[in-house]
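Biologist: I am new to this one. Could you show it to me and explain the terms as we go?

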Amino acid sequence: MKPYQREFIEFAIEQNVLRFGEFTLKSGRVSPYFFNAGLFNSGQALAKLGRFYAAALVEAGVSFDVLFGPAYKGIPLATTTAVALFDHHDIDTPYVFNRKEAKDHGEGGTLVGAPLEGNIMIIDDVITAGTAIREVMEIINNAGATPAGVLIALNRQERGRAELSAIQEVERDFNMPVVSIVSLNDIMAYLAEQDSPEFAQHLAAVKAYRDQYGV
Ligand code: OMP
């Protein structure tokens, strides 16, 4: 685990974004942990979050033309990443986001920002079973653009439709990399490092979950 990844996990726990307990996921799986990116809900938290996304993106070295933030949660994520790329890496990148409902007046349409053209880097929060990201791929295909990759905060390292992980399936099906700031392995390593019975309990629950749904 790199120092910025440990820092990110601490930051997510501090913000209550990463919580332990019992949570029913979109996929129906009942998970002992949940990552709620919506709780990065202040100017300071969003600014810091953008720095983590930008750091992971620059480190991955994937080239792209435009950042895309899928509605709704991806919108502030792509925005703060674009700002951090400029402020901290001197990279000025166009960005675009979509509306869930098409607007039939004014400028119209479902896209706001730069044109959705060329190689698109999608910014999102979490991939579990891969359903949400497949919907996003349709928007990119319909625009005639090419996916360059996906950047997410957390790779939950869960099985997708068959034996591969959901992320491996997405990488295979759309021929692009999925980059994450941290993965479940990093969270487990972090829990194991803490000298705390509470965290040891969380780790045991996460291990049992991974045995059932992990890859
Ligand atoms: P999949 O569509 O199964 O990949 O689930 C991804 C979506 O589930 C995310 O975009 C979130 O809306 C939500 N989610 C979280 O936000 N955090 C989690 O820890 C787990 C999920 C989830 O429901 O799987």
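Modeller: Gladly! A polar contact is a pair of N or O atoms within 3.5 Å; within protein, one must be able to donate a hydrogen and the other to accept it, and residues adjacent in sequence count only if both atoms are side-chain atoms. This is a predicted model, where local features need pLDDT of at least 70, side-chain atom pairs count only at pLDDT 80 or more, and totals for chains, interfaces and linings use all residues. Residues are numbered from 1 along each chain as its sequence is written, and side-chain values use heavy atoms, without hydrogens and water.

Biologist: What makes the pair between Arg156 and the ligand a polar contact?

Modeller: A polar side-chain atom of Arg156 lies 2.8 Å from an oxygen atom of the ligand, and the limit is 3.5 Å, so the pair qualifies. Thr128 also brings a polar side-chain atom, 2.6 Å from a ligand oxygen. For Ala132 a polar backbone atom is 2.8 Å from a ligand oxygen.

Biologist: How do you know which side of helix H7 is buried?

Modeller: Buried means under 20% relative accessible area, exposed over 50%, partly exposed in between (1.4 Å probe, protein chains only). The buried residues of H7 are Phe199, His202, Leu203, Val206, Tyr209 and Tyr213. They cover an arc of only 130° around the axis (taken from the directions to the C-beta atoms), so they sit on the same side of H7. The face turned away from that side carries the exposed residues Pro197, Gln201 and Asp211.

Biologist: What do the buried residues of H7 pack against?

Modeller: Helix H1, strand E1, strand E2 and helix H6, through contacts (heavy atoms within 4.5 Å).

Definitions and conventions
Helix = DSSP H or I, 4+ residues; strand = E, 2+ residues; numbered from the N terminus.
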